[in-house]
Amino acid sequence: MENEGEKAEFDTSLVKLITVGGGRYSLLRGLLSSMPLVSAVHATQPFHQAMDKLFAEEWDVIVFDHYASGWALQKYLRKVGKQSRAKMVYIAHNHEEKVLRAVAAESKTSWVKKLGFWQNYFKVKAMERFMVERVDVVTAITEEDKQTFLQNTPGKHIEILTPGYSGRVVQQRTLLESDPMSVVMLGSFHWAAKQENLRQFLRIADPIFLQAGVTFHVIGSMPQALRDELLPQLKASKLHGFVDDPAAILDASRIALVPEAIGGGFKLKFLDYIFQRLPVATLEDAASGLPDEIRAQMICSKTHEQMAHDIVASIVDIKRLNAMQENAFSLASNLFLWADRGDALLNAVSAPEKQ
């Protein structure tokens, strides 16, 4: 774990990075494609040409990161097929079929957008199932995701690899009674699921925070249309947009929030908060993938309304908040090392030999 201000050393001689230019295709083209939206807009001709050159070489292992790279797996199998001797790995960021179905079903938006969400759900479902079936190893970021994958593809080799952490680490911090009555949330709000989570939580929590004198800082880029929609409703919440260095706001907050009711998987923000020594409040379902002992050091609530009230009740208990952040930091310090993830992935692809 690197200390605050330090940079991890990286041996560039071991890695060859290939940049593919040419931008990306339009949203309309993506909507008309049979591929998932994110795949369709990025599978450009220059990208196809780069893949043709790479697939002409012989590989020991090929890693396909995210379902968006499913088109590259399809291309590889068409080009090489059964002649391939490479182990193939799919790095799953979530069980996307489950997440995209929730987005389509629970989103409160126009029927046109909702139709688009359902269309993309069916395309993602087909792509994800294809990738899981055709690769040799799948990595999942939670036990829940692993078990859901196995329901559709029994017997598949699925390795659980929670993310590592290499960001800012605050080695010492003590919350004080003089600290502002502030809570904070980090995120990027361009994905439909993230937008819907934010809408739902602000609608419930903002008036509760206002009555209690709590300020809610929301940090992260979002479409201007979403910002214009939310701002008129807010009294206790501040939308900061993208902040180049949010450390000052984080350091002045008593609790960090993960109020995500839609979308599965491991929430990387947990690690940002824990290693910057912020007590965490979250929904029980959103804490998927965290060890039980770390979850025990968080404010875990069943609903958005309960979460808002639990935050108001806890924000004045400085002694409890300090114990939470100290214990969570101590427990997590040796659990989220990238080197461990690399060793686990290497072991997963090394045995047994592909038949």
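Here are a few friendly notes on this predicted model, going from the whole chain down to single residues.

1. **Overall build.** Let me start with the fold as a whole. The protein chain carries 15 helices and 10 strands. Along the principal axes, its C-alpha atoms fill a box of roughly 65 × 45 × 40 Å. The radius of gyration is 22 Å, which agrees with the value near 20 Å that a compact globule of 355 residues would have.

2. **Inside and contacts.** Of the 355 residues in the protein chain, 48% are buried. Among contacts with a separation of 6 or more, 71% join residues that sit 24 or more positions apart.

3. **Surface and charge.** About 18,100 Å² of the protein chain is exposed, and carbon and sulfur atoms supply 54% of that area. As for charge, there are 40 positive and 42 negative side chains, with the centres of the two sets 8 Å apart.

4. **Helix α5 and its cover.** Please have a look at helix α5, which spans residues 96–106. Its buried residues are E96, E97, V99, L100, A102, V103 and A104. An α-helix has 3.6 residues a turn, so residues three or four places apart point the same way. You can trace that spacing in the helix itself, where E96, V99 and V103 are among the buried residues. The cover over the buried part of α5 includes strand β2 (87–91) together with helices α6 (111–134), α7 (143–152) and α8 (192–212).

5. **Strand β5 and L186.** L186 belongs to strand β5, residues 182–186. Its relative accessibility is 13%, and L186 therefore counts as buried, the cut-off being under 20%. Leaving out residues up to four places away in sequence, L186 touches I219, P246, L250, K269, D272 and Y273. If you would like a distance to check in the viewer, L186 and S314 are 128 residues apart in sequence and 20 Å apart in space, C-alpha to C-alpha.

6. **Helix α15 and R341.** This is the residue I would ask you to view with care. R341 lies in helix α15, residues 338–350. Which side chain of opposite charge is nearest to R341? That is D340, at 4.4 Å, and R341 is buried yet has no salt bridge. The cut-off to keep in mind here is a side-chain nitrogen within 4 Å of a carboxyl oxygen. Apart from neighbours within four places in sequence, R341 is in contact with L161, T162, P163 and G164, and also with L335 and F336.

Terms used. Residues are numbered from 1 along each chain as its sequence is written. This is a predicted model: local features need pLDDT of at least 70, side-chain atom pairs count only at pLDDT 80 or more; totals for chains, interfaces and linings use all residues. Side-chain values use heavy atoms; hydrogens and water are left out. Helices (H or I, at least four residues) and strands (E, at least two) are DSSP runs, numbered from the N terminus. The radius of gyration is taken over C-alpha atoms; the globule rule is 2.2 Å times the number of residues to the power 0.38. Buried means under 20% relative accessible area, exposed over 50%, partly exposed in between (1.4 Å probe, protein chains only). Contact means heavy atoms within 4.5 Å. Accessible areas come from the Shrake-Rupley method with a 1.4 Å probe; for residues, only the protein chains shown count as cover. Lys and Arg count as positive and Asp and Glu as negative; His and the chain ends are not counted. The place of a charge is taken as NZ of Lys, CZ of Arg, CG of Asp or CD of Glu.
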